[in-house]
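Please walk me through the fold of this chain. Keep the steps short.

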Amino acid sequence: MTLLLWLVMACGLQSASDTADVCRAGWAREADGHCYPPTTAPPSLVDALEGLPPCSPAPQGMTIDVASGCVGGSICPGATLAAHVAELGPEESCFGASWSDDWVYCSWTVGIEGLFPDLDRDGVPDVDAGTDRVRLTWPHEGRTPAGVGVGASAACFVDSLGLPDEFVVVSAGDELRIQELIYDRHGVLAYDVGTDDGSGRPDGSFDSIYLYGTPE
């Protein structure tokens with residue numbers, strides 16, 4: 001019995017340091033004797049921006065003012081359908097919102113969309129009712145003095161508006177790409193979802209921007 005106990009102790013009781021070579025490369029043995037992979041912090045905005053090129057601005061066109069949320073001077077949050085038509089011409093289409101019968105989307109071929117109240121539910125915006133926000137989509141042409149607009153890269157937004165209040169990063173192959181930039185303090189939401197090239201995934205060029213105007 002004494003000999004058996006000695007053999008068990010000699011073969012079974014090994015320290016973590018004695019068996020450290022059992023863990024695969026890059027893994028570490030913890031106090032419980034198990035091997036664990038290295039911990040990876042969730043991706044940050046800095047990670048996503050690292051290595052990206054400098055600001056690639058949106059094309060020249062209609063002037064965008066982030067503070068007011070206005071595009072071209074009169075297309076602003078609160079502007080009526082008549083104000084939109086006066087500057088942009090007749091709308092391309094108007095259709096009811098899927099999530100409420102009290103709202104109607106109207107869009108123009110220049111890449112501008114409004115969201116208007118339709119409280120009488122007749123399928124057209126109520127007279128004198130203003131849009132809830134201004135949405136810019138491809139192929140809209142226009143930008144802020146700092147280059148923010150449809151087609152701008154993420155760096156343009158960060159250079160001009162600072163770090164976002166929220167953001168969404170997705171993995172594309174072996175790199176991180178920013179899909180959403182949310183600036184609640186500026187009333188700006190920006191999305192890179194690949195509608196400009198039909199890919200359906202971020203390509204580094206923001207293709208949908210919502211302007212609400214800076215909250216008071």
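Strand 10 pairs with strand 11, residues 175–183, in the antiparallel sense. Seven bridges link the two. One facing pair is glutamate 166 and isoleucine 182, the latter in strand 11. This is a predicted model.

Now widen the view. Strands 10 and 11 belong to an open sheet of eight strands. Read across, the order is 5-6-7-8-13-12-11-10, and the pairing is antiparallel. Strand 5 (93–96) and strand 10 (166–172) form the edges. Each of these edge strands pairs on one side only. In general, strands of a sheet pair through backbone hydrogen bonds. On average, neighbouring strands of this sheet are turned by 20 degrees against each other, with direction ignored.

Helices pack on the sheet. Helix 3, residues 81–88, touches strand 6 (103–108) and strand 7 (112–117). The direction of helix 3 makes about 5 degrees with that of strand 6.

Helix 4 sits elsewhere in the strand order. It lies across strand 11, strand 12 (188–191) and strand 13 (208–211). Its angle to strand 11 is about 45 degrees.

How much of helix 4 is covered? Mostly: helix 4 spans residues 154–161, and six of its eight residues are buried. Those buried are Ala154, Ala155, Cys156, Phe157, Val158 and Leu161. Buried here means under 20% relative accessible area.

Then look just past the end of helix 4. There, glycine 162 takes a positive phi of about 85 degrees.

Conventions. Residues are numbered from 1 along each chain as its sequence is written. This is a predicted model: local features need pLDDT of at least 70, side-chain atom pairs count only at pLDDT 80 or more; totals for chains, interfaces and linings use all residues. Side-chain values use heavy atoms; hydrogens and water are left out. Buried means under 20% relative accessible area, exposed over 50%, partly exposed in between (1.4 Å probe, protein chains only). Helices (H or I, at least four residues) and strands (E, at least two) are DSSP runs, numbered from the N terminus. Two strands pair if DSSP finds at least two bridges between them. Axes are lines fitted to C-alpha atoms, for helices over the stretch in contact, and angles run from 0 to 180 degrees between N-to-C directions. Contact means heavy atoms within 4.5 Å.
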